[in-house]
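Reader: I should like to learn how to read the features of a structural model in an orderly way. May we take them in turn, with the general idea placed before the particular case?

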Amino acid sequence: MSLFGFRRGRNNRGGGLRVASGPIDDLRSVLADRAVLSRLALGLAAVAALLVCVQGWKQAFPYRLYQRPPAGIAAVVDF
């Protein structure tokens, strides 16, 4: 019984709940966004450009600055 004529109704806590979607549905909804796809494409293009610039598929040079190899390095070109 309320004294001032105001009565609070029941709180419907279950009304705001929903069944969680799976990770595949989340990924599908993210990839449907053109802004996300454009950023992803730009990032992949930058990675490909860096790979070409540094020639990442080649073997690294085994000697570093001021390092002397024990047997020496034979020059291919004349100095």
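Reader: By about how many helical turns are Asp 25 and Arg 28 separated in helix H1?

Author: A preliminary remark: this is a predicted model. Asp 25 and Arg 28 both belong to helix H1, which covers residues 23-31, and because they are three residues apart there, about one helical turn separates them.

Reader: What do the side chains of Asp 25 and Arg 28 form where they meet?

Author: The general idea is that side chains of opposite charge can pair when their charged atoms come close. In this model, the side chains of Asp 25 and Arg 28 form a salt bridge, with 3.4 Å from N to O. The search of the whole structure finds one salt bridge.

Reader: Is Arg 28 buried or exposed, and how is Asp 25 classed?

Author: The class is read from relative accessible area, with over 50% counting as exposed and under 20% as buried. Arg 28 has 54% and is therefore exposed. Asp 25, at 38%, counts as partly exposed.

Reader: How does one check the length of helix H2 against the distance between its end C-alpha atoms?

Author: One compares an expected span with the distance found in the model. Helix H2 comprises the 21 residues 34-54, so at 1.5 Å a residue it should span 30 Å. Its end C-alpha atoms are 30 Å apart, which agrees with that expectation.

Reader: Which residue follows H2, and what is the sign of its phi?

Author: The residue is Gln 55, and its phi is positive, near 50 degrees. This positive value occurs in a residue other than glycine. Gln 55 lies in the segment after H2, and its relative accessibility of 36% means that Gln 55 counts as partly exposed.

Reader: Which residues form the nonpolar patch on the surface?

Author: The patch is formed by Leu 27, Val 30, Leu 31, Leu 37, Leu 40 and Leu 44, and together these residues have about 530 Å² of accessible area. H1 and H2 are the elements that give two or more residues to the nonpolar patch. Val 30, for instance, lies in helix H1 and counts as partly exposed at 42% relative accessibility.

Reader: What does Leu 51 touch, if residues up to four places away in sequence are not counted?

Author: Leu 51, placed in helix H2, touches Gly 56 and Trp 57 under that condition. Leu 51 has a relative accessible area of 45% and is therefore partly exposed.

Reader: How many helices and strands does the chain have, and what share of its residues is buried?

Author: The secondary structure comes to two helices and zero strands. Of the 79 residues in the chain, 1% are buried. The chain exposes about 8500 Å², of which carbon and sulfur atoms supply 62%.

Notes
Residues numbered from 1 in each chain as written. Predicted model: local features only at pLDDT ≥ 70, side-chain atom pairs only at ≥ 80, totals over all residues. Heavy atoms only, no water. Helix = DSSP H or I, 4+ residues; strand = E, 2+ residues; numbered from the N terminus. Expected span 1.5 Å × (residues − 1). Salt bridge = Lys/Arg side-chain N within 4 Å of Asp/Glu carboxyl O. Buried < 20%, exposed > 50% of the residue type's maximum accessible area, 1.4 Å probe, protein only. Patch = residues over 30% accessible without salt bridge, like charges linked within 9 Å, V, L, I, M, F, W, Y side chains within 5 Å. Areas by Shrake-Rupley, 256 points an atom, 1.4 Å probe, with all protein chains shown as cover. Contact = heavy atoms within 4.5 Å.
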